[in-house]
Amino acid sequence: IGHEKCSTPSIPCRVESMQAALLGMPLPACAGGPVPNSLTLDSAQWTTYEGALAVLVSFNQRLNILSAKIPANYELKADEQPIPVALVQMDNNLPWQAWLVIDERFKPSGQATLTVRDIRSDNGSTLDPDASSVVVEGTP
């Protein structure tokens, strides 16, 4: 999804793109523009990031860095108790992943669930509400 669609757009897609441009709107989905609800949370697993307890989160598309680096966009819970996300780190070479750094004092003893909200892909596609929550794999 994204820039790869632009190589051979159909005539109706080209017309729709020109109309959008005249109105100052983003590209339509057929030309690589945002696709509603196409971003999905694929997995989350316990790991470390530079020695700190962390959750590695993977998505199906490259992330918009501004929306992905906001800790409040991630809700981590274990036994119905919230686990605060202290920091979100990203690697430019892996733009579909984020590391959620957790303070060791909040290390859970049971299974944790991660729910994500208000994150977009780098082309502006929105998060699928039905694919925005996963069980965190592994042990902290």
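## Contacts and core of a predicted model

Leaving aside neighbours within four places in sequence, N73 is in contact (heavy atoms within 4.5 Å) with S67, T115, V116, R117, D118 and I119. N73 lies in the loop between α2 and β3. Here helices (H or I, at least four residues) and strands (E, at least two) are DSSP runs, numbered from the N terminus. N73 is buried, with a relative accessible area of 7%. Buried means under 20% relative accessible area, exposed means over 50%, and partly exposed covers what is in between, with a 1.4 Å probe and protein chains only.

This is a predicted model, in which local features need pLDDT of at least 70 and side-chain atom pairs count only at pLDDT 80 or more, while totals for chains, interfaces and linings use all residues. Residues are numbered from 1 along each chain as its sequence is written, and side-chain values use heavy atoms, with hydrogens and water left out.

### The whole chain

The protein has 2 helices and 8 strands. Read from the N terminus, its elements follow the order α-β-β-α-β-β-β-β-β-β. Along the principal axes, the C-alpha atoms fill a box of roughly 55 × 30 × 25 Å. The protein has 140 residues, and 39% of them count as buried. Of the contacts between residues at least 6 apart in sequence, 61% join residues at least 24 apart.

The accessible surface is about 8000 Å², and carbon and sulfur atoms account for 54% of that surface. These areas come from the Shrake-Rupley method with a 1.4 Å probe; for residues, only the protein chains shown count as cover. The protein carries 9 positive and 15 negative charges, whose mean positions are 5 Å apart. Lys and Arg count as positive and Asp and Glu as negative, while His and the chain ends are not counted. Each charge is placed at NZ of Lys, CZ of Arg, CG of Asp or CD of Glu.

### The nonpolar core

A nonpolar core is a set of buried Ala, Val, Leu, Ile, Met, Phe, Trp, Tyr and Cys residues joined through side-chain atoms within 4.5 Å. The largest one holds 27 residues, and F59, Y74, L76 and L114 touch the most other members. Two or more residues each come from β1 (41-49), β2 (52-59), β3 (74-78), β5 (85-89), β6 (97-102) and β7 (112-116). The largest share, 4 residues, comes from β2.

Not counting residues up to four places away in sequence, L114 touches L41, A44, V57, Y74, E75, L76, L100, S132, S133, V134 and V136. T113 is in strand β7 and is partly exposed, with a relative accessible area of 30%. With the same sequence neighbours left out, T113 touches E75, L76, K77, S133, V134, V135 and V136. T113 and S58 are 55 residues apart along the chain, and their C-alpha atoms are separated by 14 Å.

### Polar contacts of D42 and Q61

D42 belongs to strand β1 and is partly exposed, at 44% relative accessible area. Apart from residues up to four places away in sequence, D42 touches S58, F59, N60 and V134. D42 and V57 are 15 residues apart in sequence, and 7.7 Å lies between their C-alpha atoms.

Q61 is found in the loop between β2 and α2 (65-68). Is Q61 buried or exposed? Its relative accessibility is 8%, so Q61 counts as buried.

The table gives polar contacts of these two side chains. A polar contact is a pair of N or O atoms within 3.5 Å; within protein, one must be able to donate a hydrogen and the other to accept it, and residues adjacent in sequence count only if both atoms are side-chain atoms.

| Side chain | Partner | Distance |
|---|---|---|
| D42 | T40 side chain | 3.2 Å |
| D42 | N60 backbone nitrogen | 3.3 Å |
| Q61 | S38 backbone oxygen | 2.9 Å |
| Q61 | S121 side chain | 3.3 Å |

### Positive phi angles

Most residues other than glycine have a negative phi. N37 has a positive phi of about 60° although it is not a glycine. N37 lies in the loop between α1 (11-22) and β1, and is partly exposed, with a relative accessible area of 40%. E50, also not a glycine, has a positive phi of about 50°. E50 is in the loop between β1 and β2, and at 74% relative accessibility E50 counts as exposed.
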